[in-house]
Every structure is written in C-alpha cells, then in structure tokens.
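Here is a short briefing to read alongside the sequence and the 3D view. Please keep both open as you go through the points.

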Amino acid sequence: MSAPRLVLAIAAAAALAACSRGDGWQRDSGEAWGTVYHITYRSDAPLHDSVRAEMRRVELSVSPFDPASRISAFNAGRTDTLDAMLAMLVRESQRVCSISGGAFDPTVMPLVDLWGFGPSGRGAEPSQQALDSVLATVGIRDCRLRPGGVLERKHPATRLDFSAIAKGAGVDAVAAMLRRNGVSDYLVEIGGEVALGGLNPQRRPWHIQIDAPVDDPGGLRHERLRVIAPGSGRAVATSGNYRNYRTLADGTRAGHIISPATGHPVDTPVLSATVTAPTCMLADALATAAMGMQPDSALAMAARLPGCSILLAVASADSLRILSTPGF
C-alpha cells in the first residue's frame, strides 16, 4: 500500500546552493525504510546522527520487515502490547477508518498478500473462499486498545501493517526531533511524503511541486501539474494506484489498493490523491483512503476535516480530470 513518489520538493537545488555558502543550512539524504529521503534544515550544527537515530527508532517500532521491531513481535504473537508509536498509529487508523467509511484499514495486509502485492510478490487471483477466510481477520475498528498499550485483536490471525500511515508518522517524528533541537526552518521528505516548517533558504515559503499522471501510448507518465505552498507546520502526502497493478486472467488490471470490505482491488477512477494536513501521518492515511473511495466521497471527507485539503487526479472517458477542495 506504499505510495508512488509523486510529490517532489523543488527547493532542493536552492538548498544545496545555500549549504555550500556555509550560512547554516544543512542537507541530509540517504536511504531508509525501502525508499530515499532528503532533509534540509537551518542549524548551526549538523543533526545527521540524530536524524538517523530517529529513523531507526521508528523502524524498530513499525517496520514489518524487521524481525526485531515491535510490530513484528505483535504479528508473530510474541506480545500483545504495543509501544507508544504503534498505539498512536492504531488510534489514528481507527479514526481515519471511521471518517473514510472503512476505506482505510491497516489490518488489510493479508488480503494484499493474497493478491500478490505483498513482500513476496507472489500470488494469483484468489478464490472467493480464500478471500472470505482472510476477510474474517480484517477490521481495525473491531480491535480494542486497552490501558498499557494492550491490543485485543479482532481475530487471532489479525495482523497489523501500517505501511500506508507509518511513513507519514516517521516524517512527523523527524520534524519533531528537529524542532526539539531548536530548528524552525526545515523540509523533511521521505519517499515523497513531506513536512515543512518556517522558510526556505531564500527566506520565502516552501513550495512543493505536484506531478500529474498522464496517459500516452507508452503508458502513464508524469507532467508538472502545479506548485503549492502548504504553509509552515504543514504536511503533504500522495498516494497512487496506477504503477503497481496486476493483469488478471480476463485481461483487466487490478491495482494494489485492496478494499477491506470486499477483499477485491478497489475500482474507482481515482489515479492519485494528494493531501495537505496538519500532520504527515494524517495526510498519508487520508491519501490512501481516498484511493479506495469515489471522488465525491473523498472530497467530502477532506472538506469535513479542519486544516485538510485534497487534490485528485481522476480518469475519465477521454481525459484526466483534476478535482480539489478549495484549499488547493
């Protein structure tokens, strides 16, 4: 359920130039969580070690691919107690599941595996019997978070996978670490999810470029769509469904966003969703939820939430339509 990288920070070149002038701007980049990151911030001293330590702390909590993580221990049945970050993700996931009408659900991973979109990449079109068996384990709203971080599962086989929200939470965690160290001007981008604070190296508001998926004979490509300035203390996240798909036996395409209600790939005209929100965790979850909703429902969902805006790239019969709430 990870999103393709559709959101690009266009201030990177300026940040590099500023760093070379030695005026307090620092830039850090690398790989983490199976993706790349770019972090630009103004500080008298580099905080690269603290950035990496924070990212590792997040990984040891939420990564289902690290056997030493707390979520791996929970999914394997070695513990029923969550740490503070996982408990936060459960609470936010339950909230977004509710406001999206069930479109967002981090217990859906066994269905994703069944369709062949999981880590193994293996899987055929499942039978209805197989889907029904797995659907019995899916449902974050049927899990109960008890005092002390104990999570009661809906079913003994219920598993958690926060891939559609954890990256945003990780961006928030790195941004919070920078603020604790006195940094007010920063851009944190991990795998296309972005949190912004203060001003850029030119002492202007940060600007983010949104790319649009465009269909042509060679397949979907990107064209520059627009540039937005979300504002200080804001976050941006994008989800898309057109790069990661399987071709079924009847020749139709099945995208990797799986409905928690039916167990089948979602069938909506939404190609990508970009969300601005007060936190990157929320933006990340809402963008994924929007991929499983009809456009009007996704727009209405964002419009009801204070401080949130959404932009959708929607496929129509002969063109690509762009729909958005007034915040865009």
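What follows is a guided look at the overall make-up, the main sheet, one helix pair and two loop residues.

This is a predicted model. The protein has nine helices and 15 strands, and of its 328 residues, 53% count as buried. Among contacts with a separation of 6 or more, 59% are between residues 24 or more positions apart.

**The sheet as a whole**

- To find your way around, start with the open sheet, which is built from eight strands in the order β2-β3-β6-β7-β10-β13-β14-β15.
- The pairing in this sheet is antiparallel.
- Its edge strands are β2 (25-32) and β15 (320-324), each of which pairs on one side only.
- On average, neighbouring strands of the sheet are turned by 10 degrees against each other, with direction ignored.
- As general background, strands of a sheet pair through backbone hydrogen bonds, either parallel or antiparallel.

**Walking across the sheet, strand by strand**

- Strand β3 (residues 35-42) pairs with strand β6 (residues 186-190) in the antiparallel sense, over five bridges. If you would like a residue to click on, I39 has V188 of β6 as its bridge partner.
- β6 is joined to β7 by five bridges, and the two strands run antiparallel. Here Y186 has G197 of β7 as its bridge partner.
- The hairpin of β6 and β7 has two residues between the strands, and G191 in this hairpin takes a positive phi near 60 degrees.
- From β7 the path goes on to strand β10 (residues 235-240), with two bridges and an antiparallel run. A195 has A235 of β10 as its bridge partner.
- Six bridges link β10 with β13, again antiparallel. In this pair, G240 stands opposite S272 of β13.
- β13 then pairs with β14 over six bridges in the antiparallel sense. T274 finds its bridge partner in L311 of β14.

**How covered are the strands?**

- Which residues of strand β7 (residues 193-197) are buried on each side? On one side they are E193, A195 and G197, and on the other V194 and L196, so both faces of this strand are covered.
- Counted together, five of the five residues of β7 are buried.
- β13 is also mostly covered, with eight of its eight residues buried.
- Which strands does helix α9 (residues 295-303) lie across? The helix lies across β13 (270-277), β14 (309-315) and β15, and runs at about 170 degrees to β14.

**A helix pair: α2 and α4**

- In general, two packed helices are described by the angle between their axes and the distance between the axes.
- Helix α2 (residues 48-62) packs against helix α4 (residues 84-99) at an angle of about 65 degrees, and the axes are 8 Å apart.
- That angle makes α2 roughly perpendicular to α4, a class that covers angles of 65 to 115 degrees.
- The crossing of α2 past α4 is right-handed.
- On the α2 side, the contact is made by R57, V58, S61 and V62, while α4 brings M85, L86 and L89.
- By type, the residues of this contact divide into five nonpolar, one polar and one charged.

**Two loop residues to look up**

- S259 lies in the loop between β12 (253-255) and β13. Is S259 buried or exposed? Its relative accessibility is 14%, and the cut-off for buried is under 20%, so S259 counts as buried.
- Leaving out residues up to four places away in sequence, S259 touches L111, H264 and V266.
- T158 has its place in the loop between β5 (151-152) and α7 (166-180). With a relative accessible area of 2%, T158 is buried.
- Which residues does T158 touch, not counting those up to four places away in sequence? They are T107, T137, C143 and R153.

Note on methods: Residues numbered from 1 in each chain as written. Predicted model: local features only at pLDDT ≥ 70, side-chain atom pairs only at ≥ 80, totals over all residues. Heavy atoms only, no water. Axes fitted to C-alpha atoms, helices over the stretch in contact; angles between N-to-C directions. Helix = DSSP H or I, 4+ residues; strand = E, 2+ residues; numbered from the N terminus. Parallel < 35°, antiparallel > 145°, perpendicular 65-115°, else oblique. Left-handed = near helix turned anticlockwise from the far one by under 90°. Contact = heavy atoms within 4.5 Å. Nonpolar A, V, L, I, M, F, W, Y, C, P; charged D, E, K, R; others polar. Pairing = 2+ DSSP bridges. Buried < 20%, exposed > 50% of the residue type's maximum accessible area, 1.4 Å probe, protein only.
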